[in-house]
Amino acid sequence: MNISAQRDSSATNTALSVKAYAAQSPTSPLAPYSFERRAVGLKDVLIEIEYSGICHSDIHQVRDEWGGSIFPMVPGHEILGTVRSVGSKVSKFKVGDVVGVGCMVDSCRTCGSCKDGLEQYCETGFVPTYNGLEKDKKTPTQGGYSTHIVTEEDFVLRIPAGLDKAGAAPLLCAGITTYSPMRYVGLGKGHKIAVLGLGGLGHMAVKLAASFGAEVSVLSGSASKEVDAKRLGASHFILTKEKTEVAKYQNHFDFILDTVAAKHNLNQALDLLKREGTLIMVGASHEPLDLGVFSLIMKRRKMMGSLIGGIKETQEMLDHCGKHKIVSDIELISASQINEAYERMIKGQVKYRFVIDAKTF
Ligand code: NAP
Ligand code: ZN
Ligand code: ZN
């Protein structure tokens, strides 16, 4: 079906053919692909995608680093666009609204976690935006590297007016993934937090932590990021390979938010925590990390993990960003640059989120 014809049509009771970029296997580059989105159901919203962020989780999954990847795979879970059609039972959105979709498109909605608004911890597993199966356990989900998406309204977010649209797309994953654990631990004025790894998640963490009133430091492997770290809101920049510099911050931080995407030294970070300080893991290295337990034992330090954030909290984060005018620092690319962007992210050379212009699919 012709896409532009569909945009103006209220008759969306047929599947919609969309343009996308997909990986066909863990070793093939992403390439143009087309597939069908389901017809708009009673509670569904049809979104014309304008911007789609690139998360390092896209790379992990495209390359099957976490295992169990489903191909062909259309990645993308930082989706921003405009509502073009709504089902007859939709009450929260109307045609023309600017909306987003993050990492989840459904969940069981009945378990304790779902009832607590923590759909990301759904006890039967949430339905991921891509690289997963719909609740029928048969239909693969496909993500935001595409021109349109059809999503149930309960998993659609409202984008506050006044935010740059391309810069707001990464809030749907990088924003909520860093917002949620910092809120959970009650980060605020009087706290010292270090963000480990200044990439997509890391730079959002710096902006958000500063907006909560905390004193923020950046622990980075890249000397070239010092000026940016300070511009983003950090008071201190610590180069992780400068051992004497790092040693000055022993027992210093209340929290460290670890966003590193690969194997790295956990003990170096733990030693920088105060007594009872917490290392928060959000970076998702597929290789196990070495932990010397004495780094925990000697100062009663803690470690925790955190996965994205629930729908209610994602909306709260977006509203917070609307109020404080917080968006991601982005480099806008065309679809044909996705593979090159992946290579640059692996080298830590993203400043600080690649966002795909959906007009180029
Ligand atoms: P990114 O933009 O590529 O940034 C990662 C940063 O980590 C890099 O910029 C670099 O910062 C540092 N880094 C990368 N490789 C490294 C290495 N080998 N050794 C040391 N440092 C390295 O990635 P992202 O999109 O922010 O994602 C970060 C991680 O979080 C990924 O593993 C992703 O899958 C995960 N993630 C988790 C969740 C969750 O819910 N928990 C959600 C989204 C993403 P410096 O140059 O400053 O060192
Ligand atoms: Zn992500
Ligand atoms: Zn559930």
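# Close-up views of a predicted model

**View 1. A zinc ion held by residues from far along the chain.** Start with the spacing: the donors of the zinc ion (ligand 2) follow the pattern C-x21-H-x95-C along the chain. Two of these donors sit in separate loops, and the pair links distant parts of the chain: C55 is in the loop between β3 (44-53) and α2 (56-62), while H77 is in the loop between α2 and β4 (79-86), 22 residues apart. Everything shown here and in the other views comes from a predicted model. Which protein atoms reach this zinc ion (ligand 2)? They are C55 (SG), H77 (NE2) and C173 (SG), and they lie 2.0 to 2.3 Å from the ion. C55 counts as buried, because its relative accessibility is just 2%. H77 is buried as well, at 7%.

**View 2. A second zinc site, built from four cysteines.** Here the zinc ion (ligand 3) has C108 (SG), C111 (SG), C114 (SG) and C122 (SG) as its protein donors, at 2.3 to 2.4 Å. Their spacing along the chain reads C-x2-C-x2-C-x7-C. C108 is in the loop between β6 (104-106) and α3 (112-115), and C122 is in the loop between α3 and β7 (127-128), so this pair ties together parts 14 residues apart in sequence. Why is the arrangement around the zinc ion (ligand 3) called tetrahedral? Because the four donor atoms subtend angles of 103 to 120° around the ion, and four donors count as tetrahedral if all angles lie between 85 and 135 degrees. Now check how open the site is: C108 counts as partly exposed at 21% relative accessibility, whereas C122 counts as buried at 8%. The cut-off helps here, since buried means under 20%.

**View 3. An open sheet of six strands.** Follow the strands across and you get the order β12-β11-β10-β13-β14-β15, with parallel pairing. At the edges stand β12 (236-239) and β15 (302-305); each has a single partner strand, so one side of each is left without a neighbour in the sheet. From one strand to the next, the twist averages 20°. Zoom in on β10 (residues 192-196) and β13 (residues 253-258), and you'll find a parallel pair with four bridges. Looking for a landmark? I193 has F255 as its bridge partner in β13.

**View 4. Helix α5, lying across the sheet.** Helix α5 (residues 174-184) lies across β10, β13, β14 (273-281) and β15, and it runs at about 155° to β13. Is α5 mostly buried or exposed? Nine of its eleven residues are buried, so the helix is largely enclosed by the rest of the structure. The buried ones are A174, G175, I176, T177, T178, Y179, S180, P181 and M182. Just past the helix, look for G186, which follows α5 and has a positive phi near 75°.

**View 5. Nonpolar residues gathered into cores.** As a rule of thumb, nonpolar side chains tend to be buried together in soluble globular proteins. The largest nonpolar core in this model has 52 residues, and L171, M182, L187, I193 and V206 have the most contacts inside it. Helix α6 (residues 200-211) supplies the largest share of this core, with six residues. Apart from it lies another core, this one of 42 residues, among them I59, V127, F354 and A358. Back in the largest core, try picking out the surroundings of I193: leaving aside residues up to four places away in sequence, it touches M182, L187, A209, A214, E215, V216, S217, F253, F255 and L257.

**View 6. A few backbone oddities.** Most residues other than glycine have a negative phi, and most peptide bonds are trans. Against that background, two cis peptide bonds are worth a look. One joins F71 and P72, with omega about -5°, and P72 is in the loop between α2 and β4. Another joins K351 and Y352, with omega about -10°; Y352 is found in the loop between α12 (338-346) and β17 (353-357). Then come the positive phi values. N251, not a glycine, has a phi of about 55° and sits in the loop between α8 (243-247) and β13. K325 also isn't a glycine, and its phi is positive, near 55°; its loop is the one between α11 (311-324) and β16 (330-333). N251 counts as partly exposed at 36% relative accessibility, while K325 is exposed, with a relative accessible area of 56%.

Definitions and conventions: Residues are numbered from 1 along each chain as its sequence is written. Chains are lettered from A and ligands numbered from 1 in the order in which they are written. This is a predicted model: local features need pLDDT of at least 70, side-chain atom pairs count only at pLDDT 80 or more; totals for chains, interfaces and linings use all residues. Side-chain values use heavy atoms; hydrogens and water are left out. Donors are N, O and S atoms within 2.8 Å of the metal (3.2 Å for Na, K and Ca); water is not among the atoms, so sites may look incomplete. Four donors count as tetrahedral if all angles lie between 85 and 135 degrees; four count as square planar and six as octahedral if opposite donors are over 155 degrees apart and all others between 65 and 115; anything else is irregular. Helices (H or I, at least four residues) and strands (E, at least two) are DSSP runs, numbered from the N terminus. Buried means under 20% relative accessible area, exposed over 50%, partly exposed in between (1.4 Å probe, protein chains only). Two strands pair if DSSP finds at least two bridges between them. Axes are lines fitted to C-alpha atoms, for helices over the stretch in contact, and angles run from 0 to 180 degrees between N-to-C directions. Contact means heavy atoms within 4.5 Å. A nonpolar core is a set of buried Ala, Val, Leu, Ile, Met, Phe, Trp, Tyr and Cys residues joined through side-chain atoms within 4.5 Å.
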